[in-house]
Amino acid sequence: MYLTRISTFFVFLLSAAPLMAQQGVDERINEAIRPYADGVAGFIFSSFPLAGVAVPFVLVWLLAAATIFTLYFKFINFRAFKHGFQLVRGDYTDPMAAGEVTHFQALATALSGTVGLGNIAGVAVAVSLGGPGATFWMILAGLLGMSSKFVECTLGVKYRNEYTDGTVSGGPMYYLSKGLAERSDKLKVLGKVLAVMFAVFCVGGSFGGGNMFQANQSFQQLVAVTGGQASWLADKGWLFGIIIAILVGLVILGGIKGIARVTSKIVPFMAVIYVAAGLIIIFANFSAIPAAFSAIFTGAFSAEGVAGGFIGVLIQGFRRAAFSNEAGIGSAAIAHSAVRTNRPVTEGFVALYEPFIDTVVVCTITALVIVITGTWDPNVDPSQGVALTSQAFESAIPWFPWVLTVAVVLFAFSTMISWSYYGLKAWTYLFGESRFMDVLYKSMFLVFVVIGASMQLGSVIDFSDAMIFAMAFPNVLGIYFLLPVVKRELNEYWADYKAGRLQKFGAAADKA
Amino acid sequence: MSQVYLVGIDCSDCCNRALDYAVSEATAEGAEVIVAHVIEWSPFTFSTADENEQRHKRREAELARAHSEILDPVVDRLKEQGVKVRGVIRHGHIARTLKSLGDEVGATSIVVGRRGDSGFKSHLFGSVPGSLIQIAKVPVTVVP
């Protein structure tokens with residue numbers, strides 16, 4: 001009953017969206033929301049001056065956390081790298097547990113939510129505004145971010161809820177509330193407050209960065225490749241939005257698993273094509289590689305002509321890396337916590353690969369292509385990041401923008417599916433699990449897809465970016481209190497690992 | 001050493017012939033029959049977060065259905081006939097899982113049916129008997 005009623009309402013809203021767009025309602029919404037959005041975005045991105053550059057506090061917050069985690073766990077990001085790979089490969093997976101969610105599957109699912117427009121659009125902006133040197137800081141941020149993911153995902157598994165019917169639910173909401181309650185009665189209240197804050201920001205982020213930003217940017221690329229302003233599609237964002245909303249709706253509301261399954265198979269394939277094309281371009285310009293690397297290294301420390309100099313370059317690199325790999329944001333812990341394991345720390349090791357693949361591999365390739373083809377432009381408008389990457393690839397492979405368009409739309413689609421899940425988990429944490437709340441959230445999510453694609457809501461996009469970064473405040477603050485818990489888990493496991501007390505299976509066991 | 005026949009079944013017609021063959025051989029020798037059903041599954045597939053959340057529950061449901069619809073009727077029927085029989089259900093790559101199951105239970109022979117796929121299709125996708133005969137440590141009988 002609810003389903004029919006809400007779907008009717010939803011169809012009504014969908015059909016109203018184009019009308020709203022035509023009557024300039026988007027501008028009115030924009031105007032109405034701006035003071036609040038600017039207020040929140042201004043607060044989240046509030047910055048302090050350092051060497052004449054405005055440094056957003058949230059970046060320092062994330063970077064400090066990643067550095068502290070790296071030192072506290074004695075460079076776990078490098079130390080456990082090999083073991084993480086063994087776990088993904090299944091060396092330690094008991095064949096009797098076949099049929100359960102494997103480390104590989106949990107990692108792949110989390111990655112499909114992370115590898116997205118941040119890797120394509122964000123990097124172009126970073127290299128343009130910060131020069132080639134931004135790449136260096138981006139990679140460094142990716143390497144440090146691995147430690148943040150390690151901590152988040154270990155906690156995500158440790159404090160997840162396992163229900164009697166066999167389903168699981170995990171994420172920062174659970175480790176903040178359950179984990180801090182375990183520490184002391186005073187922290188119990190703080191944990192609850194942080195968990196609720198996180199859940200609220202996560203719902204906001206799922207509508208914004210995980211949804212509207214994706215719809216908006218993929219539509220921009222589609223318009224650009226079909227002829228720019230002259231394209232038939234140029235003023236039909238609402239149509240694109242409705243089509244995407246219907247497809248997303250079929251998956252999340254209609255339970256049509258087929259579409260999700262097809263996407264989840266094509267997306268890794270597109271990622272491989274993207275990386276391969278990038279490598280082809282890089283190696284085709286073999287002679288330019290040394291120059292590119294020297295530009296990256298010298299640019300990282302002496303930034304001539306970049307706004308803000310050295311600090312400016314650093315900020316650009318860190319900012320785009322953080323937006324792309326979401327380390328410290330807490331989102332991925334939700335996806336990772338579905339793995340079937342009785343040693344939570346194993347998923348932490350596996351999660352190291354997420355920022356590594358996302359930032360150190362994929363983002364770096366985008367950056368190298370842009371540096372080598374020389375397409376970066378210091379005067380770029382930050383909303384045109386995708387177009388810039390598209391040009392970089394086009395200069396070497398003329399038909400590649402079409403492939404990129406398909407990749408961008410698919411990345412956007414899979415990121416939306418992932419974020420709709422993250423948002424729903426946060427939503428049901430706040431309002432309880434019921435059919436009604438479930439359908440209500442998903443319907444709202446779909447409406448935001450159409451809004452994101454059809455309207456130029458600059459302040460709403462700012463607001464939603466702010467929401468994603470806002471998640472880092474309660475998440476990281478709570479994690480500081482839980483570090484000893486992770487340390488204990490890690491030390492126990494690492495001792496077992498070093499002493500060879502962990503059982504290997506299959507081919508790995510035969511070798512040992 | 002006592003003889004153990006491992007039979008793979010997937011409830012198709014040809015596998016009943018494999019089963020019949022194994023049972024007649026085993027009863028003649030007084031050997032044990034282990035009837036196995038493998039649910040095709042790979043640890044390296046891609047899934048959505050929603051599917052992962054439900055996975056444990058689904059697995060239980062898959063096992064229950066395989067028991068009630070495929071394995072249990074067969075095992076019960078053979079028990080009535082007085083055959084020394086055991087049933088096993090596993091998830092995994094069919095040929096590799098049958099092979100490791102064979103090692104585990106000490107099978108002296110593995111019996112499977114065949115689908116009779118065309119040459120092209122089995123070139124492209126491989127076949128269970130084709131893979132099994134390459135990796136098994138004991139004789140494999142393929143029943144047409």
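Start your tour by selecting B:Arg55: here helix H2 of chain B bends by about 55 degrees. Keep in mind as you look around that this is a predicted model.

**Stop 1: the helix around the bend**

Widen the selection to residues 49–80 of chain B, and you have the whole of H2(B), 32 residues in length. From its first C-alpha to its last, H2(B) reaches 45 Å, close to the 46 Å expected at 1.5 Å a residue. Which residues of H2(B) are buried? Try colouring B:Ala49, B:Asp50, B:Asn52, B:Glu53, B:Arg55, B:His56, B:Arg59, B:Ala66, B:Val74 and B:Leu78, which are the buried ones. The residue at the bend, B:Arg55, is among them. Just after the helix, click on B:Gly82, whose phi is positive, at about 85 degrees.

**Stop 2: the rest of chain B**

Now show chain B as a cartoon. You can find five helices and five strands, and along the sequence they follow the pattern β-α-β-α-β-α-β-α-α-β. Of the 144 residues in this chain, 37% are buried. Taking contacts in chain B between residues at least 6 apart in sequence, 75% join residues at least 24 apart.

Next, select strand E1 (residues 4–8) and strand E2 (residues 32–40) of chain B. In which sense do they pair, parallel or antiparallel? They pair in the parallel sense, over five bridges. Pick B:Gly8 and you will find it opposite B:Ala36 in E2(B). Then add strand E3 (residues 85–92) of chain B, which pairs with E2(B), also in the parallel sense, over eight bridges. Here the pair to pick is B:Ile39 and B:His91, the latter in E3(B), which stand opposite each other.

**Stop 3: where the chains touch**

Bring chain A back into view and look at the contact between the two chains. How many residues does each chain give? Chain A contributes 28 residues and chain B contributes 22 residues. On the chain A side, the elements that give two or more residues are helix H6 (103–114), strand E4 (168–169), helix H12 (257–284) and helix H19 (400–431). H6(A) provides the largest share of that side, five residues. If you colour the chain A side by residue type, you will have 13 nonpolar, 11 polar and four charged residues.

**Stop 4: chain A and its helix H19**

Hide chain B for a moment. Chain A has 23 helices and four strands, and 55% of its 512 residues count as buried. Among its contacts between residues at least 6 apart in sequence, 82% join residues at least 24 apart.

Select H19(A), one of the elements you met at the contact with chain B. This helix is mostly covered, with 25 of its 32 residues buried. Its end C-alpha atoms are 45 Å apart, which agrees with the 46 Å that 32 residues should span at 1.5 Å a residue. Just after H19(A) comes A:Gly432, with a positive phi of about 85 degrees.

**Stop 5: the nonpolar cores**

In soluble globular proteins, nonpolar side chains tend to be buried together. In this model, the largest nonpolar core has 174 residues, and those with the most contacts inside it are A:Phe198, A:Val248 and A:Val449. H19(A) gives the most to this core, with 18 residues. Centre the view on A:Val449 and show what it touches, leaving out residues up to four places away in sequence: A:Asn211, A:Ala215, A:Gly241, A:Ile244, A:Ala245, A:Val248 and A:Met416. A second, separate core has 30 residues, including B:Ala18, B:Ile94, B:Val128 and B:Val140.

**Stop 6: three single residues in chain A**

Go to A:Gly385, in helix H18 (residues 385–396) of chain A. Why does A:Gly385 count as buried? It does so because it has 26 C-beta neighbours inside 10 Å, and the cut-off is 20 or more. Leaving out residues up to four places away in sequence, A:Gly385 touches A:Ala121, A:Gly122, A:Ala124 and A:Val125.

Next comes A:Phe75, in the loop between helix H3 (57–72) and helix H4 (76–79) of chain A. Its phi is near 55 degrees, a positive value in a residue other than glycine. With 13 other C-beta atoms within 10 Å, A:Phe75 is partly exposed.

Finish at A:Glu326, in the loop between helix H14 (309–325) and helix H15 (331–336) of chain A. Phi of A:Glu326 is also positive, near 55 degrees. This residue is buried, with 32 other C-beta atoms within 10 Å.

Notes. Residues are numbered from 1 along each chain as its sequence is written. Chains are lettered from A and ligands numbered from 1 in the order in which they are written. This is a predicted model: local features need pLDDT of at least 70, side-chain atom pairs count only at pLDDT 80 or more; totals for chains, interfaces and linings use all residues. Two residues are in contact if their C-beta atoms, placed from the backbone, lie within 7 Å. Ala, Val, Leu, Ile, Met, Phe, Trp, Tyr, Cys and Pro count as nonpolar, Asp, Glu, Lys and Arg as charged, and the others, Gly among them, as polar. A nonpolar core is a set of buried Ala, Val, Leu, Ile, Met, Phe, Trp, Tyr and Cys residues joined through C-beta atoms within 7 Å. A residue is buried if 20 or more other C-beta atoms lie within 10 Å of its own, exposed if 12 or fewer, and partly exposed in between; C-beta atoms are placed from the backbone. The expected span of a helix is 1.5 Å times one less than its number of residues. The bend at a residue is the angle between axes fitted to the seven residues ending there and the seven starting there. Two strands pair if DSSP finds at least two bridges between them.
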